[in-house]
Amino acid sequence: MTHAMLKGSNVPLQATTVRAVLRWAPGSGAPDIDASALLLGPDDRVRSDEDFVFYNQPRHPSGQVWRLGKKRVAEGLTDTIQTDLSRVEPSVGRILLVASADGVAFDRVRSLRILVHDAASADAEPLAYFDVKPETGQETALICGELYRRGEGWKFRALGEGYSNGLKGLATDFGISVDESEGAEDPLSAPRSEPTYPPAQPEPAQPDPAQSPATRTAPAQPVVGPEQPTAVQPLPGASRPLPPEQPAGVPAQPAYGFPQQPPATQPAYGYPQPAGAPGYGYPQAPAAAGAQSGYGYPQPVTAAPDPDFRMPPQGPQFVGR
């Protein structure tokens, strides 16, 4: 759950390592913002100048407080301080989180916000956020919030306290030594040791959507896979595959689409039968030359009448009276 905080409110922190992110909106005439941290001892002052973490001293000697640097995000620009609260030296009771503009007042900064994240959950929602608004608009440095001890744990408090004399005036108020004598080297005024923002990385080349897949060229990759059987090549001159062979002793069956062999002669019911084949159900007589067979039955042989044929003698009962 993200806590939207008001000035002066506080929230306990369960995370052991937190990121304090300063975020603002860029724009015409808007100043660049730098994030800094001051580690304060029991007297609410730094123990030495090494307790000041800023752009020219980005990491504390203990290694537990450091700057992550600036980024461009969808919501604007950011600068981040990260702290391992579980390993901060026991003598440190407060860590101030500061935003400073490079000689320009904060009335020209839009949408300044500080967000506190659990560093162990990079993609999680922030634990808390506070919209920082300057009181006069002439501030050139702001204490946005602070991490402070409470018993065995830590809390975050929203502050929004401003300084009109910039980061140098703020640091001096908390015990940082600033030598303003002529020729003295002032770390706050020294040139920054890092670019304001890292250069943008070139985007990888994308395929042209107007170019069809068929015209795109890609390096040929060898395809490793199971060996494929060799295709059977047709015989020279063959226009169609051969029919499968029939096993020996099996009568040939007609194949679809191929020339047929004359079928073996079978006796047909009711039709003339070939010579030597018995008719269906009746004995056959030798057919005379030129004789025609009747429909389905054998025909008697027709002969000329005998001229010497006489009737046999008849009994008296048949004699004419």
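How many salt bridges does a search of the whole structure find? In this predicted model, the search returns 11 salt bridges. Side chains of opposite charge can pair when their charged atoms come close. The paragraphs below take up several of these pairs and then the sheet.

One of the salt bridges joins the side chains of Lys70 and Asp34, with an N to O distance of 2.8 Å. This pair connects distant parts of the chain: Lys70 belongs to strand E6 (residues 65-73) and Asp34 to strand E4 (residues 33-40), with their positions 36 residues apart in the numbering. Are these two residues buried or exposed? Both Lys70 and Asp34 are buried.

A second salt bridge is formed by the side chains of Arg87 and Asp84, at 3.8 Å from N to O. Here the two partners fall into separate classes of accessibility. Arg87 has a relative accessibility of 58% and therefore counts as exposed, since the class begins over 50%. Asp84 has a relative accessible area of 11%, which is under 20%, so Asp84 is buried.

Glu146 and Arg157 also form a salt bridge, in which the closest N and O atoms lie 2.4 Å apart. This pair, too, links distant parts of the chain: Glu146 is in strand E11 (residues 141-150), Arg157 is in strand E12 (residues 153-163), and the two are 11 residues apart. Why does Glu146 count as buried? The relative accessible area of Glu146 is 2%, and the class of buried residues takes in values under 20%. Arg157, at 22% relative accessibility, counts as partly exposed because this value lies between the limits of 20% and 50%. The pair also belongs to a wider arrangement, as Asp44, Arg94, Glu146 and Arg157 are linked in a network of salt bridges.

Strands E11, E12 and E4, which carry residues named above, recur in the description of the sheet. An open sheet is built from 6 strands in the order E2-E12-E11-E8-E4-E5, and its pairing is antiparallel. Which strands form the edges of this sheet? The edge strands are E2 (10-13) and E5 (52-53), each of which pairs on one side only. At the E5 edge, E4 and E5 pair in the antiparallel sense over 2 bridges. Within this pairing, Ala37 has Val53 of E5 as its bridge partner. Strand E4 thus provides a point at which the two themes meet: Asp34 of E4 takes part in the salt bridge with Lys70, and E4 pairs with the edge strand E5.

Notes. Residues numbered from 1 in each chain as written. Predicted model: local features only at pLDDT ≥ 70, side-chain atom pairs only at ≥ 80, totals over all residues. Heavy atoms only, no water. Salt bridge = Lys/Arg side-chain N within 4 Å of Asp/Glu carboxyl O. Helix = DSSP H or I, 4+ residues; strand = E, 2+ residues; numbered from the N terminus. Buried < 20%, exposed > 50% of the residue type's maximum accessible area, 1.4 Å probe, protein only. Pairing = 2+ DSSP bridges.
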